[in-house]
Amino acid sequence: DVRGLGPPAMAYPAYLASFDDVAIGLAPLCEAAPFARGKSFGKVLAYLDRKVPVLGSAAGEHPAFFTPATGVISNDEADWVRACGRLLADPARRQRQADAAFEAFRQHLGVSVAGQKLADILASQARMRRVS
């Protein structure tokens, strides 16, 4: 029984709306922790969808997606503290980073892009089966 161990379950639109007042999205991962090795990009996707700037770890999928323009990626606690201070003190910078990350999200992870990638994979598999 996991009652009382976290927020109540909610519909996805309500989950996304819960990020509307978040100034900075924190996404720490520790690759040495077995739990972190299986973590998804789910919370980060919610941050991106709601245009919340992200501070992530140099672990998992974070370094493959984020650039200096789209997020802060580091495993150094001091970097996170400095980045939080800079972003909190400069709302325009926070917005630029969030907007850049949202655009990268749309270009690389959007439904139409994912659908095309899947179509390409399936077409490739179909061609390979016809050849063999």
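**Entry 1: contacts along the chain**

I began with contacts between residues at a separation of 6 or more, and found that 65% of them join residues 24 or more positions apart. I'm noting right away that this is a predicted model. Next I looked up how the chain is built: seven helices and three strands. Reading from the N terminus, I wrote the order down as α-β-α-α-β-α-β-α-α-α.

**Entry 2: overall dimensions**

How does the radius of gyration of the chain compare with that of a compact globule of 132 residues? The globule would come out near 14 Å, but I got 18 Å for the chain. The C-alpha atoms fill a box of roughly 60 × 40 × 35 Å along the principal axes. I also looked up burial, and 29% of the 132 residues are buried. The exposed surface of the chain is about 8900 Å², with 59% of it supplied by carbon and sulfur atoms.

**Entry 3: helix α6**

I wanted to check the length of α6, which covers residues 91–109. With 19 residues at 1.5 Å each, the helix should span 27 Å, and I found its end C-alpha atoms 26 Å apart, so the two agree. Then I listed its buried residues: R94, Q97, A98, A101, F102, A104 and F105. They sit on the same side of α6, because they cover an arc of only 165° around the axis. What do the buried residues of α6 pack against? I found three helices on the list, α3 (42–49), α4 (62–65) and α5 (77–89), plus the strands β2 (54–56) and β3 (72–73).

**Entry 4: Q97, up close**

I picked Q97 out of helix α6. Is Q97 buried or exposed? Its relative accessibility is 8%, and the cut-off for buried is under 20%, so Q97 counts as buried. Skipping residues up to four places away in sequence, I found Q97 touching P53, V54, A69, T70, G71, V72 and L87. I took one of these partners, G71, and looked up the spacing: Q97 and G71 are 26 residues apart in sequence, yet their C-alpha atoms are 6.4 Å apart.

**Entry 5: the nonpolar cores**

The largest nonpolar core has 16 residues, and F41, V44, L48, F65 and F66 are the ones that touch the most other members. Which elements give two or more residues to this core? They are α3 and α6. There is also a second, separate core of seven residues, including L55, W80, A83 and C84.

I went back to F65 and left out its neighbours within four places in sequence. F65 is in contact with F41, L48, T70, A101, A104, F105 and L109. Among these, A101, A104 and F105 were already on my list of buried residues in α6.

**Entry 6: helix α3 and what follows**

In α3, I found V44, A46, Y47 and L48 buried. Their cover includes the helices α1 (12–17), α4 and α6, and the strands β1 (25–27) and β2.

After α3 comes K51, which lies in the loop on the way to β2. What is the sign of phi at K51? It is positive, about 55°, although K51 is not a glycine. I made a note of that because most residues other than glycine have a negative phi. K51 has 36% relative accessibility, so I put it down as partly exposed.

**Entry 7: two pairs that sit apart**

A17 is in helix α1 and is partly exposed, with a relative accessible area of 35%. I looked up A17 against C30: they are 13 residues apart in sequence and 27 Å apart in space, C-alpha to C-alpha.

My last stop was R130, in helix α7 (residues 111–131). Is R130 buried or exposed? Exposed means over 50%, and R130 has a relative accessible area of 62%, so it's exposed. Then I paired R130 with S18, which is 112 residues away in sequence. Their C-alpha atoms are 49 Å apart.

Technical notes
Residues are numbered from 1 along each chain as its sequence is written. This is a predicted model: local features need pLDDT of at least 70, side-chain atom pairs count only at pLDDT 80 or more; totals for chains, interfaces and linings use all residues. Side-chain values use heavy atoms; hydrogens and water are left out. Helices (H or I, at least four residues) and strands (E, at least two) are DSSP runs, numbered from the N terminus. The expected span of a helix is 1.5 Å times one less than its number of residues. Buried means under 20% relative accessible area, exposed over 50%, partly exposed in between (1.4 Å probe, protein chains only). The arc is that of the directions from the helix axis to the C-beta atoms. Contact means heavy atoms within 4.5 Å. The radius of gyration is taken over C-alpha atoms; the globule rule is 2.2 Å times the number of residues to the power 0.38. Accessible areas come from the Shrake-Rupley method with a 1.4 Å probe; for residues, only the protein chains shown count as cover. A nonpolar core is a set of buried Ala, Val, Leu, Ile, Met, Phe, Trp, Tyr and Cys residues joined through side-chain atoms within 4.5 Å.
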